[in-house]
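The following exercises are to be worked through with the sequence and the model at hand. Each task is followed by a stepwise solution.

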Amino acid sequence: MSWERSGIAPFTATVPPGTYPLTLALVEWPQDRRVAAAKLAIRDETVAAWEMALRPGQDPATLQEGEAFTIGVDVATIALFDTVALEAMAERTEEDPGSYYVAEADRPVELQDPASGANLIAFNIGWGDGGYPVWIGRTPGGAVACFVVDMAMLAPLPTPSGSPSSPKTAVSSRP
């Protein structure tokens, strides 16, 4: 299965294969915890500029003010992985859909593709299903420093169970 057939296209900005830490920023209420953002750090350098992550054929000039290209989310879970693992992970989804089940926001699930050595990290997100933008942080020299998925948790949306209380934040890191 290629990404063209799957409908899942990789971003046009690429990075070399490697091991990169993923940090989840959490928003927490007394009875609930959700991932507000996820950062995949590529370089430990200052971010000098931000840009929208794009897939082939996407043009930011076609967007209206306040719009962004997004990644689609179903079952309130995002899975980040290298495209070399797409076929193996798609097969795994069909064979064992429960393998991606994430029980708690601060406990992502990591799966390995034995053939390529690539991994997949799945985690619950923001307010649930929908579309969420991905941003690329660039170093002063233009290299990719990080990818950030924004779950729109800081937008004026209703709090869980209608709670008017303000959330406190926490950070969980997964190397």
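**Exercise 1. An aromatic pair**

Phenylalanine 147 is buried, with a relative accessible area of 11%; buried means under 20% relative accessible area, exposed over 50%, and partly exposed in between, with a 1.4 Å probe and protein chains only. The model is a predicted one, in which local features need pLDDT of at least 70 and side-chain atom pairs count only at pLDDT 80 or more, while totals for chains, interfaces and linings use all residues. Residues are numbered from 1 along each chain as its sequence is written, and side-chain values use heavy atoms, with hydrogens and water left out.

Task: Determine which residue forms an aromatic pair with phenylalanine 147.

Solution.
Step 1. Ring centres of Phe, Tyr and Trp (its six-membered ring) must lie within 6.5 Å to pair; planes under 30 degrees apart count as stacked, over 60 as edge-to-face and the rest as tilted. The structure holds 1 such pair.
Step 2. The partner is phenylalanine 11, and the pair is stacked, at 6.3 Å centre to centre with 20° between the planes.
Step 3. Phenylalanine 11 belongs to the loop between helix H1 (3-6) and E1, and phenylalanine 147 to strand E9, so the pair ties together parts 136 residues apart in sequence. Helices (H or I, at least four residues) and strands (E, at least two) are DSSP runs, numbered from the N terminus.
Step 4. Phenylalanine 11 has 24% relative accessibility and therefore counts as partly exposed.
Step 5. Isoleucine 8 also lies in the loop between H1 and E1. Isoleucine 8 is partly exposed, at 43% relative accessible area, and its C-alpha is 9.2 Å from that of threonine 83, 75 residues apart in sequence.

**Exercise 2. The nonpolar cores**

Task: State how many residues the largest nonpolar core has, and which elements give two or more residues to this core.

Solution.
Step 1. A nonpolar core is a set of buried Ala, Val, Leu, Ile, Met, Phe, Trp, Tyr and Cys residues joined through side-chain atoms within 4.5 Å.
Step 2. The largest has 26 residues, and those with the most contacts inside it are Ile78, Phe123, Val149 and Met151.
Step 3. The elements giving two or more residues are E1 (22-29), E2 (32-41), E4 (70-73), E7 (119-124), E8 (130-138) and E9 (144-150). E1 gives the most, with 5 residues.
Step 4. Another core, of 9 residues, lies apart from this one; Val102, Ala118, Leu120 and Ala122 are among its members.
Step 5. Beyond its neighbours within four places in sequence, valine 149 is in contact with residues including Ala36, Ile71, Ile78 and Tyr132, where contact means heavy atoms within 4.5 Å.

**Exercise 3. Strand E7 and helix H2**

Task: Identify the strands that pair with E7, and decide whether E7 is largely enclosed or open.

Solution.
Step 1. Two strands pair if DSSP finds at least two bridges between them.
Step 2. Strand E5 (residues 77-81) runs antiparallel to E7, joined by 5 bridges; leucine 80 has isoleucine 121 as its bridge partner in E7.
Step 3. Strand E6 (residues 109-112) is likewise antiparallel to E7, over 4 bridges, with glutamine 112 partnered by asparagine 119.
Step 4. The hairpin of E6 and E7 has 6 residues between the strands, and glycine 117 there takes a positive phi near 85°.
Step 5. Since 5 of the 6 residues of E7 are buried, E7 is largely enclosed by the rest of the structure.
Step 6. For comparison, helix H2 (residues 86-95) has Leu86, Met89 and Ala90 buried.
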